[in-house]
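Please look over the sequence and the model below before reading on. The paragraphs after them explain some of what can be found there.

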Amino acid sequence: MAQDSIAVVDLDRCSPDRCNYECSNYCPPNRTGKECITLRGEDAETGGPDQVQISEEICLGETCGICVEKCPFDAIEIINLPQELEDRATHRYGDNAFALYGLPIPEKGKVTGLLGPNGIGKSTAVKALAGEITPNLGRVEDEPGWDEVIEHYRGTELQDYLKGVRDGDINVARKPQYVDQIPETFDGNTRELLERADERGVLDELAERLSITPVLDQEIDSLSGGELQRVALAATLARDADFYFVDELTPYLDIGQRVTAARLVRELAEEEDKAVLVVEHDLAVLDLLADSLHVAYGEPSVYGVVTDPKSVRNGINEYLRGYLDNENMRIRPEAIEFEEHAPRPVTEAETLVDYPSMAKSYGESEFSLDVEGGEIRKNEVLGVVGPNGIGKSTFAKLLAGRTEPTTVKGEDTDLDLDLDIAYKPQYVEADQHMRVDAFLSSITDEFGTSYWNTEIAQPLQLDRIMEQNLADLSGGERQRVAIAATLSRDADLYLLDEPSAHLDVEQRVLATRAIRRYAENHESTVMVIDHDIYMIDLVSDRLMVFDGEPAHHGRASPAQEMRAGMNEFLANLDITFRRDENLGRPRINKPGSQLDKQQKRDGEYYYTQ
């Protein structure tokens with residue numbers, strides 16, 4: 001194989017006990033007596049003895065690709081890489097394993113963004129920058145030491161940084177991606193966790209600004225996802241480190257909380273002269289947060305490439321267009337566009353259900369929600385927005401019958417909407433020891449049909465995880481399965497609570513398209529509760545706005561057209577948005593900027609007309 005090609009075997013998918021070694025039997029070099037595809041054997045450092053390995057020196061490369069086509073489990077990838085990557089190899093995990101090319105460059109006093117799909121090597125890059133692994137420069141057999149690695153980066157901005165890593169002079173603080181796993185590793189209350197982390201003496205300030213003071217004396221395992229996210233951020237920023245890594249800042253946070261978190265990260269970099277690297281899929285927040293941006297592209301779980309730094313605006317726009325200018329690289333077949341979608345014109349439609357005014361109270365001095373009666377229309381996607389702790393999920397549970405209202409129309413009566421409702425909750429649990437395909441096939445008889453594959457499986461990228469157990473899925477994979485399971489049910493109304501959580505940018509766009517396409521093709525009604533403005537912008541026909549005092553009292557107004565709804569919602573948060581002049585994507589205006597002030601004077605918080 002040419003040096004600019006790699007062969008990767010997914011050991012989680014390679015199942016020799018269920019195949020006839022079609023990859024080996026049909027391999028052209030093997031058929032001429034060469035040992036291109038062989039068994040790993042008893043001495044294999046990774047994988048089972050009966051799983052296959054591929055000699056990249058003998059393999060004919062992507063131009064052949066017979067083994068890729070013949071493998072019944074899609075376990076093999078043969079990729080021709082751009083020739084210029086040959087000298088940019090950063091790390092490879094072994095023969096026929098994932099390879100990373102390039103590293104982001106941390107800068108003191110700056111926030112560096114890293115944007116790319118899941119499984120593209122972002123965590124590998126951070127491990128190298130944190131000194132948790134020594135980059136092997138792609139040399140699996142003859143691994144270099146730190147001295148050789150530093151020599152490799154001589155003359156680059158990474159040279160001095162990696163010297164500090166080698167010498168132990170770089171301390172790292174890291175916010176984990178999946179904050180819902182924190183209770184599994186820490187047993188105690190919030191205050192104990194944060195006091196242990198507070199090396200800079202900033203606990204009280206962080207707790208106040210992140211609005212977590214009320215939960216400081218609560219047990220960690222009692223916190224909501226949004227509370228866990230803010231506690232994890234506070235614990236990370238409270239440490240005295242040289243390099244801060246923030247992996248997904250925004251899941252479970254509302255827009256106001258996202259902006260507050262972004263400001264805290266920026267202040268840490270600017271005022272404390274710290275280097276911060278942020279991986280984030282909310283592009284509006286990333287745009288507000290970062291000083292420069294690296295784009296990561298490639299083939300998830302196969303190889304990843306980290307570009308040189310770009311300006312944030314250009315980097316995001318190039319990523320959305322699917323074409324990287326400096327690299328002359330097409331990374332997506334089509335652009336992600338916004339202008340043609342939102343806000344959609346409001347059209348009159350039949351009413352699916354008129355829901356009455358109702359109230360839900362959890363007891364004296366506890367949270368209460370007042371819902372003003374309204375209508376949900378047939379064949380619409382209804383977006384639902386509002387701060388955390390304001391009652392959005394409670395409203396969804398009321399509609400779905402998961403909880404009962406305290407009063408309906410001011411009386412102690414039951415709520416009977418006479419609807420079949422499919423409901424995806426905010427927090428997705430997948431602790432069943434069942435394969436994904438078995439789980440989904442138990443929900444619908446349409447499973448596996450060409451129609452179901454086209455409408456649900458393909459847009460949600462489920463093919464490669466069908467044979468995995470639910471309990472083994474990542475957060476993003478669980479989310480996509482949960483969306484698929486909800487849409488696969490036969491229902492009048494589909495309720496999706498925070499479907500964007502842990503999905504990367506492309507997965508969010510694909511999920512959004514799947515939701516809209518399903519609603520349009522099935523003439524179904526979907527309600528989407530989410531904090532990602534991009535998703536709400538792309539998916540919604542109308543908007544329902546919640547306001548009030550978070551954690552104390554919430555009010556739900558009837559649905560309204562998008563512009564009126566977004567203006568009301570963003571005005572409550574004192575945030576204005578504009579559209580990027582090239583792609584039409586939402587961008588948060590810098591608070592206090594001329595455009596921010598002008599839009600507020602005009603009452604146009606949701607883009608200018």
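The text below goes through the annotated domain, the nonpolar cores, the cysteines and the aromatic rings.

The model is predicted. According to the UniProt record, which is an unreviewed entry, the annotation "domain: ABC transporter" covers residues 85–325 and 353–572. In the span 85–325, helix makes up 38% and strand 17%. The C-alpha atoms at the two ends of this span lie 16 Å apart.

Next come the nonpolar cores. The largest nonpolar core has 47 residues, and within this core Ile6 and Tyr101 touch the most other members. Which residues does tyrosine 101 touch, not counting residues up to four places away in sequence? Among them are Ile6, Leu81, Leu85, Arg88, Ala89 and Thr90, and also Tyr303, Gly304, Val305 and Val306. Apart from the largest core lies another core, of 43 residues, which includes Phe186, Ile220, Tyr244 and Leu264.

Serine 292 belongs to strand 11, which runs over residues 292–299. Is serine 292 buried or exposed? Its relative accessibility is 11%, and buried means under 20%, so serine 292 counts as buried. Leaving aside neighbours within four places in sequence, serine 292 is in contact with Glu107, Val111, Thr112 and Gly113, as well as with Pro309, Lys310 and Val312.

The cysteines can be taken next. How many disulfides does a search of the whole structure find? The search finds zero. For cysteine 23, the nearest cysteine sulfur is that of cysteine 71, 6.2 Å away, and cysteine 23 is in no disulfide. Cysteine 23 has a relative accessible area of 8% and is buried. Why is cysteine 36 not bonded to cysteine 27? The sulfur of cysteine 27 is the closest cysteine sulfur to that of cysteine 36, but the distance is 4.0 Å, which is too far for a bond because a disulfide needs the sulfur atoms within 2.5 Å. Cysteine 36 also counts as buried, at 3% relative accessibility.

The aromatic rings come last. A pair of aromatic rings is described by the distance of the centres and the angle of the planes. The structure holds five aromatic pairs. In one of them, the ring centres of phenylalanine 447 and tryptophan 452 are 4.9 Å apart and the planes are at 55°, so this pair is tilted. Phenylalanine 447 is partly exposed, with a relative accessible area of 23%, whereas tryptophan 452 is buried, with 3%.

Tyrosine 494 and tyrosine 518 form a pair with ring centres 5.4 Å apart and planes at 80°, so this pair is edge-to-face. The pair links distant parts of the chain, 24 residues apart. Tyrosine 494 is in strand 22 (residues 493–497) and tyrosine 518 is in helix 18 (residues 505–522). Tyrosine 494 is buried, with a relative accessible area of 2%, and tyrosine 518 counts as buried at 5% relative accessibility.

Tyr355, Phe395 and Phe546 form one aromatic cluster. Rings also have charged groups placed over them. The charged end of lysine 70 sits over the ring of tyrosine 26, at 4.3 Å from the ring's centre. Arginine 332 lies over the face of tyrosine 319, and here the distance to the ring centre is 5.0 Å.

Technical notes. Residues are numbered from 1 along each chain as its sequence is written. This is a predicted model: local features need pLDDT of at least 70, side-chain atom pairs count only at pLDDT 80 or more; totals for chains, interfaces and linings use all residues. Side-chain values use heavy atoms; hydrogens and water are left out. UniProt positions are given in the numbering used here, feature names are shortened, and annotations may be inferred rather than shown by experiment. Helices (H or I, at least four residues) and strands (E, at least two) are DSSP runs, numbered from the N terminus. A nonpolar core is a set of buried Ala, Val, Leu, Ile, Met, Phe, Trp, Tyr and Cys residues joined through side-chain atoms within 4.5 Å. Buried means under 20% relative accessible area, exposed over 50%, partly exposed in between (1.4 Å probe, protein chains only). Contact means heavy atoms within 4.5 Å. Rings of Phe, Tyr and Trp (its six-membered ring) pair if their centres lie within 6.5 Å; planes under 30 degrees apart count as stacked, over 60 as edge-to-face and the rest as tilted. A charge sits over a ring if NZ of Lys or CZ of Arg is within 6 Å of the ring centre and within 35 degrees of the ring normal.
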